[in-house]
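Here is a short briefing on one protein chain and its ligand. Look over the sequence and the structure before you read on.

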Amino acid sequence: MIFDDIIHSIAEGESEETLELTKQALAQGYSATSILEKGLITGINIIAEKYRTEKVNVPEVLMATHSMHAGLSVIEPLLTAPTKKGLGKIILGTVAGDLHDIGLSIVKAMAMTTGAKLIDLGVNVSPKKFARAVRKEKPDILMISALLTTTMSVMKDVIVELEAQGLRNGVKIIVGGAPITDAFAKEIGADYTFEDAFQFRDFLKENLNKLLASKRISS
Ligand code: B12
């Protein structure tokens, strides 16, 4: 089964193989989202679990990350709905002190299916940098990721910075990452959080238009 081969190539960090297998899966008629879900995400989650249980080390994780990105580069153009005016603008990034970007790349791939314009600030983004981007780009949605319990509090700093600069009311804030709970999101004053990229995608599909309309009314 081609998905097993993709998973195996990620586990081995064979990025060229992941790239080729992803192309082959598409040629065999599998959809980009099924390749993402059953191949790339499953593969990286297996490595993530092995790292957590200390069965692999940092170099293996980085090679697997590279492989996942190679596969993602093949399917991203297919996930991307044409950007349409009126479908909003989304800024995303991982907070300062945090270099984890695998989860956010997957969430970004999901966001690409909506037709919204995406601006990716990358990793290690300070509250001031988030605020600068919000002031300049006036996005409808700001998506913030944190994977470390030591950096999740920076999400609060971002919201405080936006409030201090009078920018908070103009943007819906979605936070996420493994340590983020509903209670935490509420406590720091975020609008939403989702456990994974699929929950997030389903929410956007149903609610993007409603969300943009409500934002226009409230802002
Ligand atoms: C890969 C990884 C790394 C890689 C990161 C590579 C990269 N380019 O991202 C490397 C090796 C660099 C790394 C470094 C470190 N890591 Co690390 N890392 C992981 C690991 C194994 C996997 C994370 C991952 O990518 N998972 C796969 C993706 C698909 O899942 P995800 O990130 O959770 O994302 C999903 C959801 O959370 C959600 N999501 C994520 N972001 C967002 C945002 C929004 C808006 C939404 C809606 C949803 C959403 O959707 C995603 C897709 O479904 C985890 C362990 C684990 N099992 O989670 C540890 C882990 C996160 N790391 C950990 C630690 C401690 C570190 C280090 C401090 C290690 C060290 N001692 O040096 C450093 C810190 C570096 C830094 N400053 O950031 C700890 C954190 C512990 C804690 N409680 O804080 C973990 C949990 C490992 C452990 N000990 O159990 N790490």
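In what order do the elements of the protein chain run from the N terminus on? They run α-α-α-α-β-α-β-α-β-α-β-α-β-α. This is a predicted model: local features need pLDDT of at least 70, side-chain atom pairs count only at pLDDT 80 or more, and totals for chains, interfaces and linings use all residues. Residues are numbered from 1 along each chain as its sequence is written.

**Fold and dimensions**
- The protein chain has nine helices and five strands; helices (H or I, at least four residues) and strands (E, at least two) are DSSP runs, numbered from the N terminus.
- The C-alpha trace spans about 50 × 40 × 25 Å along its principal axes.

**Packing**
- Buried residues make up 40% of the 219 residues; buried means that 20 or more other C-beta atoms, placed from the backbone, lie within 10 Å of the residue's own.
- Of the contacts between residues at least 6 apart in sequence, 76% join residues at least 24 apart; a contact means C-beta atoms, placed from the backbone, within 7 Å.

**Around the ligand**
- The ligand has 38 residues around it, each with its C-beta atom, placed from the backbone, within 6 Å.
- Ile102, Gly103, Ser145, Gly176 and Asp196 come nearest.
- α3 gives the largest share of this shell, seven residues.
- Elements that each supply at least two shell residues include α5 (102-111), β3 (141-145) and β4 (172-176).
- Why does the shell lie between domain 1 (2-79) and domain 2 (89-218)? Both domains give residues to the shell, so it lies between them; the domain bounds come from an automatic or database domain assignment.

How values were computed: Buried ≥ 20, exposed ≤ 12 C-beta atoms within 10 Å, placed from the backbone. Contact = placed C-beta atoms within 7 Å.
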